[in-house]
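Biologist: I would like a close look at a single part of this model, namely its aromatic pairs, with the geometry, the burial and the surrounding chain laid out in one connected account. Please take it slowly and state what each step rests on.

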Amino acid sequence: MNRSLEDILDQAVDRLLAGETVEDCLAAYPDVARELEPLLRTAQAVAKAAAVEPRPGFVAEARYRMRHTMSQPRGRRRWPSLSLGRRWALLVGAVLLLLVTSGMIPASANALPDEPLYPIKRAQEQVVNLWFRDDAALAGRRLDLAGHRLEEMECLSRRGRRIPPFLVRDLTEETNLAEQHMERQLALRVDLAQRLLQMSTRQQAVLEQLAEGAPPEAEEDIQQALHRVEERRQRALHVLEQQGPMEQQGPPMEQLGPPMGQHGQNGQRPKPMASPTEAP
Amino acid sequence: MAEGAAVEHDAFAEAYEAYFGRVYRYIAVRVGDAFEAEDLTSETFLRAWRNLPSFRKRDGVPFSAWLFRIAHNLVVDHLRKRSRGSAVPLTDRFESMTNTEEAAEINLTFDELKQAIEGLTEAQRQVIGLRFAGGLSLAEVAQVMNRSQGAVKALQHAGVVALRRTMGRSKR
C-alpha cells in the first residue's frame with residue numbers, strides 16, 4: 001500500500017508541478033484521495049514557497065558576467081588573449097551598447113552593488129578598459145577600478161548595508177590584474193609602485209575591519225585577500241627600496257599603515273564594518 | 001572547429017537562460033540566503049562552462065542532471081564551511097526580491113519552508129529541493145543523486161510526510 005502511495009504521490013506531484021490543482025489530482029485517484037490530500041497540499045505549499053525569483057539586478061549582472069566569460073577562450077581570462085579582430089568586434093559592440101544605454105550611464109555612476117543600475121556601471125567600466133593599451137596605463141586603470149570597489153565597500157558599510165562576497169573577490173581580482181601589468185613595468189615606474197603600496201595599505205585596513213565581523217563562509221575570501229595584499233605590499237616596498245629613499249617617492253612609512261596583523265601602536269583594531277552576508 | 005565552438009556557445013547560452021532560475025531556486029531553498037544563492041548560482045554556471053568538455057564525454061547523463069550536480073556539490077561545500085561556524089540568520093534575506101504586498105506572504109512561507117526543511121535528512125532535502133525548487137523530474141533527480149528512481153520516490157514520499165508533520169506542528 002505504502003509503495004503504491006509513493007508511486008501515486010509522484011504522479012500527482014508531476015501533475016501539480018505541471019499546473020493542475022490539488023482537486024484535479026485527487027479526482028484522478030479517488031481510492032487514495034483521503035491519504036493523498038494532506039500530502040498534496042503540503043507539496044503544493046512547498047512548490048509555492050520555493051518559487052522565489054532572483055533579483056533583476058543580479059540576473060542582469062550574472063548574464064553580463066557569463067557572456068563575458070563565454071566570449072573568452074576557456075581557461076584564459078585576459079584581454080590580451082583575444083585577437084585584434086575580436087577585440088575590435090567587441091569594442092564596436094560595446095560602443096553600441098554604450099550609445100544605447102548612454103542615458104543610464106550618468107545615473108549609474110554612483111550605483112552600489114545592490115542597486116539596479118550597478119550592472120550598467122560595471123559594463124561601462126569594461127568598455128572603458130578597452131581603450132587602455134600599454135601595461136602602465138592598464139595597471140593604472142586596474143588600480144582605479146580596485147579603488148572603486150573599495151569605495152563601494154566603504155559606502156555600503158557606512159550605510160549599514162550588506163557587502164556581497166563577490167565585491168571582495170573583484171577587489172582582489174582588479175588588484176591582481178594591476179599587479180600583472182605592473183610586473184613588466186615596475187622597474188621603470190616608481191609611481192605605480194607607490195600607488196600599489198598605497199592601495200594595498202588601504203585595502204588592508206578595510207579588509208581587516210571586514211574580517212572582524214565576518215561570518216565563517218566569508219572568512220576564507222577575506223583571509224586570502226589579506227594574504228595577497230601583504231604579498232603585494234612587500235613587493236611594492238621592495239621595488240621602492242631598490243629605487244631610492246622612501247621620502248622621495250611617496251608618503252612616509254608611518255602614513256602607509258602597519259604590516260599585516262598589527263593595528264597601530266596601542267594594538268587596537270578599528271571599528272568593524274558590515275561584513276559580507278551580515279544583515280544590517 | 002570554429003563552427004562546433006559556435007554551436008556549443010549557442011547551446012550553452014540557451015541552457016543558461018532555461019536553467020538559471022531553476023538552479024537559483026534550488027540553491028536558495030538549500031542555503032536560505034539570497035546573496036549566497038546568487039554567488040553559488042553564478043559559480044555553478046561558470047564551472048559548468050569551464051567543464052563543458054568533460055560533460056560531453058559522459059554519455060547518457062542529461063545536461064540538467066550534470067548541471068544540478070555541480071550546483072549540489074557547491075551547496076554541500078558551502079554548507080560544510082558554514083557549519084564550522086555559527087549559522088547565518090535567515091530572516092529577511094529574500095525581502096528585496098519583490099516589494100508588493102504579496103512579498104510578505106511569500107517571505108513568511110519561505111521561512112517556514114526553510115525551518116521545516118531543516119528537520120529532513122540530507123537526502124530528503126536534496127530530493128525536495130531538486131523536485132520542487134529545481135523542477136526536475138523524478139528520473140532527473142535520480143541521475144543527479146546517483147540513486148534508483150524507486151529510492152528517490154521513497155525519499156520524496158518520506159520527505160513530504162515529514163514536512164507535513166513539521167508544518168502541521170508549527171501551525172498549531
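Modeller: In this predicted model, 13 aromatic pairs are found over all chains. One of them joins F12(B) and F63(B), whose ring centres are 6.3 Å apart and whose planes stand at 90°, an edge-to-face arrangement. That label follows because an angle over 60 degrees counts as edge-to-face, and the two rings are taken as a pair because their centres lie within 6.5 Å. The partners come from distant parts of the chain, with F12(B) placed in helix α1 (residues 2–31) of chain B and F63(B) in helix α4 (residues 63–83) of chain B, and with their positions 51 residues apart.

As for burial, F12(B) has a relative accessible area of 2% and is buried, while F63(B), with a relative accessible area of 16%, is buried as well. Both assignments rest on the cut-off for buried, which is under 20% relative accessible area.

F63(B) also takes part in a pair with W66(B), where the ring centres are 5.8 Å apart and the planes meet at 50°, so this pair is tilted. These two residues belong to helix α4 of chain B and stand three residues apart, which means that about one helical turn separates them. Like F63(B), W66(B) is buried. F63(B) is therefore paired with W66(B) from helix α4 of chain B, and it is also paired with F12(B) from helix α1 of chain B.

The wider setting of these rings is a single aromatic cluster, made up of F12(B), Y19(B), Y26(B), W49(B), F55(B), F63(B), W66(B) and F68(B).

The chain that carries this cluster has eight helices and zero strands, and its elements read α-α-α-α-α-α-α-α along the sequence. Chain B has 172 residues, of which 52% count as buried. When contacts in chain B between residues at least 6 apart in sequence are considered, 65% of them join residues at least 24 apart. The accessible surface of chain B is about 8200 Å², and carbon and sulfur atoms account for 52% of that area.

Chain A can be described in the same terms, with eleven helices and zero strands, which follow one another from the N terminus as α-α-α-α-α-α-α-α-α-α-α. Of its 280 residues, 49% count as buried, and among contacts in chain A with a separation of 6 or more, 71% involve residues 24 or more positions apart. Chain A exposes about 13900 Å², with 54% of this supplied by carbon and sulfur atoms.

Within chain A, one buried position deserves a separate description, namely Q203(A), which has a relative accessible area of 1% and lies in helix α10 (residues 190–212) of chain A. With neighbours within four places in sequence left aside, Q203(A) is in contact with A146(A), L150(A), L171(A), T175(A), V229(A) and R232(A).

Turning finally to cysteines, C25(A) counts as buried at 0% relative accessibility, and C155(A) is buried with a relative accessible area of 12%. A disulfide is a covalent bond between the sulfur atoms of two cysteines. Over all chains, the structure holds zero disulfides.

Conventions: Residues are numbered from 1 along each chain as its sequence is written. Chains are lettered from A and ligands numbered from 1 in the order in which they are written. This is a predicted model: local features need pLDDT of at least 70, side-chain atom pairs count only at pLDDT 80 or more; totals for chains, interfaces and linings use all residues. Side-chain values use heavy atoms; hydrogens and water are left out. Rings of Phe, Tyr and Trp (its six-membered ring) pair if their centres lie within 6.5 Å; planes under 30 degrees apart count as stacked, over 60 as edge-to-face and the rest as tilted. Helices (H or I, at least four residues) and strands (E, at least two) are DSSP runs, numbered from the N terminus. Buried means under 20% relative accessible area, exposed over 50%, partly exposed in between (1.4 Å probe, protein chains only). Contact means heavy atoms within 4.5 Å. Accessible areas come from the Shrake-Rupley method with a 1.4 Å probe; for residues, only the protein chains shown count as cover. A disulfide is a pair of cysteine sulfur atoms within 2.5 Å.
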